[in-house]
Amino acid sequence: MIQLDQVSKRFATPQGQTFTAVEPTSLQIGAGEIHGIIGFSGAGKSTLLRLINLLEVPSGGRVIVDGKDLTALSKTDLRTARRNIGMIFQHFNLLHNRTVAGNVAFALEVAGTPRAQIAARVKECLDIVGLSDKTDSYPSRLSGGQKQRVAIARALASHPQILLCDEPTSALDPYTTRDILEVLADINARLGVTIVIVSHSMSVVRAICDTISVMDAGNIVERIDLADSVVTPVTEVARKLLDDVPTNVNVRRLNALRAAA
Ligand SMILES: Nc1ncnc2c1ncn2[C@@H]1O[C@H](COP(=O)(O)OP(=O)(O)OP(=O)(O)O)[C@@H](O)[C@H]1O
């Protein structure tokens, strides 16, 4: 479904130099798969994700989605191809002056869906994410988890085959995180949507993914297949990520002990 072929991304720095956020990278993600991209801050995860729908234009390489080379499409054809790729973000990015239904409808209006079809599709999408009772609420009246559900409904509005998720649970508590992961897993199972999820949390990607790419300094340094009963990371960065943040340590006390030593 998704094929990145030696894709790279360089940014110009204010000092007039170039910074490589993603080194030439190849990646294949099959239809119906849930794939995680994990790594520490600055590893290049979000940039790699945004290369999939060409939100970031690649500096080199090809992005092939559902058999189409997105890098070779005209602006109009790219706009059409992008309807096949929904996206959600850490901070939801909802329109605050529109209701829940209005937010989902907005995606359809932009896509040129005939007016007569919009209300029915909005209802379908809100049913999928379990938010039918909040249709007329404004985002300010919703919890973080509910906001992310609206964002998911909006992303699904144009029947995409792919859903890109950029840190979708990083602003949520652990219980709501699980809730949102269950919604995503359900969408994958019921609708067959291929999901790519960026996270810095190994527990998040382990909870939902089939396969994981581990990124470090703009490179995919390891691929983990969660179908393997035992996950034995090879690289140092994957081993560190597997440990997650050791939250059972009181870091203030630890610092005090270090200072006293
Ligand atoms: N538009 C941009 N211009 C210049 N540099 C950028 C731009 N976007 C990202 N970068 C740089 O590219 C590198 C990778 O950024 P990216 O956001 O992809 O990392 P990440 O792994 O998603 O990090 P985080 O987990 O903190 O979001 C970083 O050093 C970042 O500063």
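These exercises work through a predicted model, each with a step-by-step solution.

**Exercise 1. The six-stranded sheet**

Task: Find the order of the six strands in the open sheet, and find which strands stand at its edges.

Solution:
- Step 1. Read the order across the sheet. It is 6-7-8-3-9-10.
- Step 2. Check the pairing. It is mixed.
- Step 3. Look at the ends of the order. Strand 6 and strand 10 stand at the edges. Each has a single partner strand, so one side of each is left without a neighbour in the sheet.
- Step 4. Add the twist. Neighbouring strands of this sheet are turned by 20 degrees against each other on average, direction ignored.

**Exercise 2. Strand 9 and its two partners**

Task: Which way does strand 9 run relative to strand 3, and which way relative to strand 10?

Solution:
- Step 1. Take strand 3 (residues 34-39) and strand 9 (residues 211-216). They run parallel and are joined by five bridges.
- Step 2. Locate residues on this pair. Ile 37 has Ser 213 as its bridge partner. Gly 39 stands opposite Met 215.
- Step 3. Turn to strand 10 (residues 219-225). Strand 9 pairs with strand 10 in the antiparallel sense, over six bridges. Here Met 215 stands opposite Ile 220.
- Step 4. Inspect the hairpin of strand 9 and strand 10. Two residues lie between the strands. Ala 217 takes a positive phi near 50 degrees there.

**Exercise 3. The four-stranded sheet**

Task: Give the strand order of the open sheet of four strands, and name its edge strands.

Solution:
- Step 1. The order is 2-1-4-5, with antiparallel pairing.
- Step 2. Strand 2 (18-29) and strand 5 (68-69) are at the edges. Each has a single partner strand, so one side of each lacks a neighbour in the sheet.
- Step 3. Strand 1 (residues 2-12) runs antiparallel to strand 2, and eight bridges join them. In this pair, Ile 2 stands opposite Ile 29.

**Exercise 4. Helix 1 and what follows**

Task: How many residues of helix 1 are buried, and which strands does helix 1 lie across?

Solution:
- Step 1. Helix 1 covers residues 45-52. Six of its eight residues are buried.
- Step 2. Name them: Lys 45, Thr 47, Leu 48, Leu 49, Leu 51 and Ile 52.
- Step 3. Find the strands. Helix 1 lies across strand 3, strand 6, strand 7, strand 8 and strand 9. Helix 1 runs at about 155 degrees to strand 8.
- Step 4. Move past the helix. Leu 54 lies in the loop between helix 1 and strand 4 (60-65). Its phi is positive, near 60 degrees.
- Step 5. Recall the general rule. Most residues other than glycine have a negative phi.
- Step 6. Classify Leu 54. With 17 other C-beta atoms within 10 Å, Leu 54 is partly exposed.

**Exercise 5. Two helices in contact**

Task: Are helix 5 and helix 6 roughly parallel or roughly antiparallel to each other?

Solution:
- Step 1. Take helix 5 (residues 144-156) and helix 6 (residues 174-191). Their axes come within 9 Å and cross at roughly 20 degrees.
- Step 2. Apply the cut-off. Angles under 35 degrees count as roughly parallel.
- Step 3. Conclude. Helix 5 and helix 6 are therefore roughly parallel. The crossing is right-handed.
- Step 4. List the contact. In helix 5, the residues include Gly 144, Arg 149 and Leu 156. In helix 6, they include Asp 179, Val 183 and Ile 187.
- Step 5. Sort the contact residues of both helices. Five are nonpolar, four polar and two charged.

Methods:
Residues numbered from 1 in each chain as written. Predicted model: local features only at pLDDT ≥ 70, side-chain atom pairs only at ≥ 80, totals over all residues. Buried ≥ 20, exposed ≤ 12 C-beta atoms within 10 Å, placed from the backbone. Pairing = 2+ DSSP bridges. Axes fitted to C-alpha atoms, helices over the stretch in contact; angles between N-to-C directions. Parallel < 35°, antiparallel > 145°, perpendicular 65-115°, else oblique. Left-handed = near helix turned anticlockwise from the far one by under 90°. Contact = placed C-beta atoms within 7 Å. Nonpolar A, V, L, I, M, F, W, Y, C, P; charged D, E, K, R; others polar.
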